[in-house]
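Q: Please take a close look at the empty spaces in this protein. I would like to know what lines them and which parts of the fold take part.

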Amino acid sequence: MNAHTPLHPTLKTVTERIVERSRETRAAYLAMVARSRKPGPYREGMGCANAAHAWAAMPVNDKLTLRAARAPNLGIVTAYNDMLSAHQPYENYPEQIRAAARAAGATAQVAGGVPAMCDGVTQGYEGMELSLFSRDVIALATAVSLSHNVFDAALCLGICDKIVPGLVMGALQFGQLPVVFIPSGPMSSGLPNDEKAKVRQLYAQGKVSRDELLKAEEAAYHGPGTCTFYGTANSNQMLMEIMGLHLPGASFVNPQTTLRPLLTRAAVQRAVALAQAAASGEGVNGGTMAEVVSEKTIVNAIVGLLATGGSTNHTLHLVAMARAAGVLIDWDDFAELSASVPLLTRIYPNGTADVNHFQAAGGMGFLIRELLSAGLLHPDVRTVMGSGLQAYTQEPWQDGSGPYAALAWRPVPTTSGNTDVLRGVADPFSADGGLKLLKGNLGRAVVKTSAVKPQHRHVRAPAVVVDSQQELQELFKQGQLERDFVAVVRYQGPRANGMPELHKLTPALGTLQDKGYKVALVTDGRMSGASGKVPAAIHLSPEALDGGMIARVRNGDMIDLDCEAGRLLLEVPEQELAARPVQTPDLSAQHSGVGRDLFALFRQHAARAEAGASPLLG
């Protein structure tokens with residue numbers, strides 16, 4: 001986009017509405033940040049005992065640097081564990097970061113760690129009930145990590161699902177600091193995702209053994225790095241880059257490459273430079289977290305999500321991340337932008353390619369340049385690179401080798417390297433972003449149409465009502481679903497059991513759809529970012545446990561789910577619906593797990609607090 005490219009009218013209208021809606025909350029957030037900001041190093045003036053505690057375990061030279069109170073001290077918040085393939089490379093990042101900080105005349109410390117569960121491990125089991133809940137735990141842990149007030153900038157190490165949203169939310173409470181997010185990159189391509197999905201369906205049909213399924217899964221998930229499909233984890237990385245919190249082109253560089261540590265070192269150098277600018281009082285030209293994450297940045301994030309067919313989980317996470325910055329967005333904003341933002345990528349589950357193919361075709365730099373050229377991104381945002389989004393139309397490359405290797409950037413190619421994976425705005429895969437808001441007497445839900453073939457986007461069929469995904473799977477195994485139907489999986493919302501993902505349903509429903517049946521899903525729960533193919537009205541609100549109409553649906557009721565028309569109707573007369581009793585199941589009796597038990601404990605304490613008792617002392 002050049003200075004003469006006008007903003008798309010929808011982008012302008014939605015942004016203006018968000019700014020007006022957020023006027024009070026954004027002002028309150030910025031006032032909080034202003035109260036926390038101070039010139040000079042943040043540790044300056046600390047009590048001697050406090051300061052001694054802060055650097056007691058550091059090497060002597062680092063202590064001398066900190067004692068002088070002139071150089072920046074970087075706080076590292078890490079989500080490292082070696083169970084998550086995406087986070088395993090982070091094991092040695094603190095060492096790399098400390099070395100890069102010293103070379104830049106600064107210091108760095110691990111401020112704290114945050115929990116990082118793997119949804120791939122917990123899918124379909126009780127642990128998944130803690131998945132969404134963990135985002136807020138991560139946000140709190142991030143804030144606790146940075147609360148020592150001895151850091152002049154922060155570096156956040158996180159990749160997957162709830163982890164990046166939680167890190168963003170926590171870091172925004174320290175919006176006076178520059179914050180740079182550092183990725184570790186996707187694993188190299190293994191068994192293609194569509195082939196893996198076929199084996200899953202064959203296993204669901206009883207046509208392959210568990211050993212064959214396990215071999216396929218291990219061939220797909222085979223080494224360090226992020227899973228290669230375009231689910232929530234890789235949607236996170238796209239968001240961090242288009243929001244200006246990553247270095248340009250950093251998101252999808254594999255962990256094993258020699259370019260990866262060069263990008264990590266450069267991220268540290270940027271954090272040091274931004275901290276020095278902030279301490280000098282010169283301003284940071286866009287470096288602090290509060291300045292980077294603005295109303296325009298959030299709109300850019302929504303556009304990026306739509307243009308790439310990203311994870312529907314971000315219709316929850318982006319709302320929460322924005323609110324942490326005082327910015328109020330809702331599903332109507334997503335829906336209005338989706339109608340004007342073209343779909344520019346085909347990455348599994350929206351196609352057969354993976355994120356490595358996307359990167360090779362031109363990656364984020366090509367995508368951002370195309371969106372800027374159509375006036376579909378705000379160019380005048382602040383980023384960790386400075387003012388403007390133009391820097392993000394470049395790609396990193398390694399100049400030289402061995403000890404002489406240096407990081408450099410160059411403009412991305414003017415044409416896509418693979419138009420089956422990545423296209424320009426002149427020839428999109430579809431004219432809209434593939435995310436629809438569904439409305440009707442059942443409530444409001446979202447559906448990801450970019451992964452659903454046009455012939456499957458309208459389903460009108462009788463309801464099959466269950467209160468858990470296990471019930472539906474059992475019906476499938478018993479052969480009771482060989483027909484047209486809309487699966488209604490209820491009591492899966494935040495109040496009921498933490499809103500677990502229902503990705504385990506995908507193979508069964510996909511199998512039935514492939515047999516020619518009209519199949520759809522309606523739920524107050526979530527689907528994985530890797531789910532697709534079957535039309536799924538998810539995040540239905542109000543949820544069943546909060547008086548939602550989904551609690552009144554009965555087996556055999558006709559449901560009309562129309563993705564194109566944005567319609568979600570329960571075809572039962574209003575008078576009959578009003579007369580139906582709501583029979584809430586005993587959720588704890590379904591299966592008692594850590595998620596349900598913790599939520600029950602929370603509700604018990606909340607009730608006591610409302611009654612005036614201490615939630616801790618009773």
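A: What follows goes through the pockets, then a helix at the largest pocket, then the cavities. Keep in mind that this is a predicted model.

Start with the largest pocket. Its volume is about 1600 Å³. The lining is made of 47 residues, and those closest to the centre are Gly 120, Gln 123, Arg 200, Glu 217 and Lys 504. Six elements give two or more residues each to this lining: α6 (119–122), α9 (193–204), α10 (210–220), α11 (232–242), α19 (469–477) and α21. By class, the lining of the largest pocket splits into 21 nonpolar, 15 polar and eleven charged residues.

Next comes the second largest pocket. Its volume is about 660 Å³. Here 27 residues form the lining, with Ala 197, Tyr 348, Pro 349, Ala 451 and Lys 533 closest to the centre. Both α9 and α21 supply at least two residues of this lining. The largest share is that of α9, with five residues. The class count for the second largest pocket is eight nonpolar, eleven polar and eight charged. Note that α9 and α21 are also among the elements that line the largest pocket.

Now look at α19, another element of the largest pocket's lining. Within this helix, Gln 469, Leu 472 and Phe 476 are buried. Seen down the axis of α19, the buried residues fall within an arc of 60°, so they line one face of the helix. The general rule is that an α-helix has 3.6 residues a turn, so residues three or four places apart point the same way. What covers the buried residues of α19? The cover includes α9, β11 (458–466), β12 (485–489) and α21. After α19 comes Gly 479, with a positive phi near 75°.

Last, the cavities. The structure holds six of 30 Å³ or more. The largest cavity has a volume of about 180 Å³. Its lining has 19 residues, and the closest to its centre are Met 527, Ser 531, Gly 532, Val 534 and Ala 536. At least two lining residues each come from β10 (443–448), α21 (506–514) and β14 (536–541). By class, the lining of the largest cavity has ten nonpolar, seven polar and two charged residues.

One element links these spaces. Helix α21 lends residues to the lining of the largest pocket, to that of the second largest pocket and to that of the largest cavity. It also belongs to the cover over the buried residues of α19.

Methods:
Residues numbered from 1 in each chain as written. Predicted model: local features only at pLDDT ≥ 70, side-chain atom pairs only at ≥ 80, totals over all residues. Heavy atoms only, no water. 1 Å grid on protein atoms, 1.4 Å probe; cavity = no way out; pocket = protein on both sides within 12 Å on 5 of 7 lines; lining within 4 Å. Points joined across faces, edges and corners; volume = space filled by probe spheres on them. Helix = DSSP H or I, 4+ residues; strand = E, 2+ residues; numbered from the N terminus. Nonpolar A, V, L, I, M, F, W, Y, C, P; charged D, E, K, R; others polar. Buried < 20%, exposed > 50% of the residue type's maximum accessible area, 1.4 Å probe, protein only. Arc of directions from axis to C-beta. Contact = heavy atoms within 4.5 Å.
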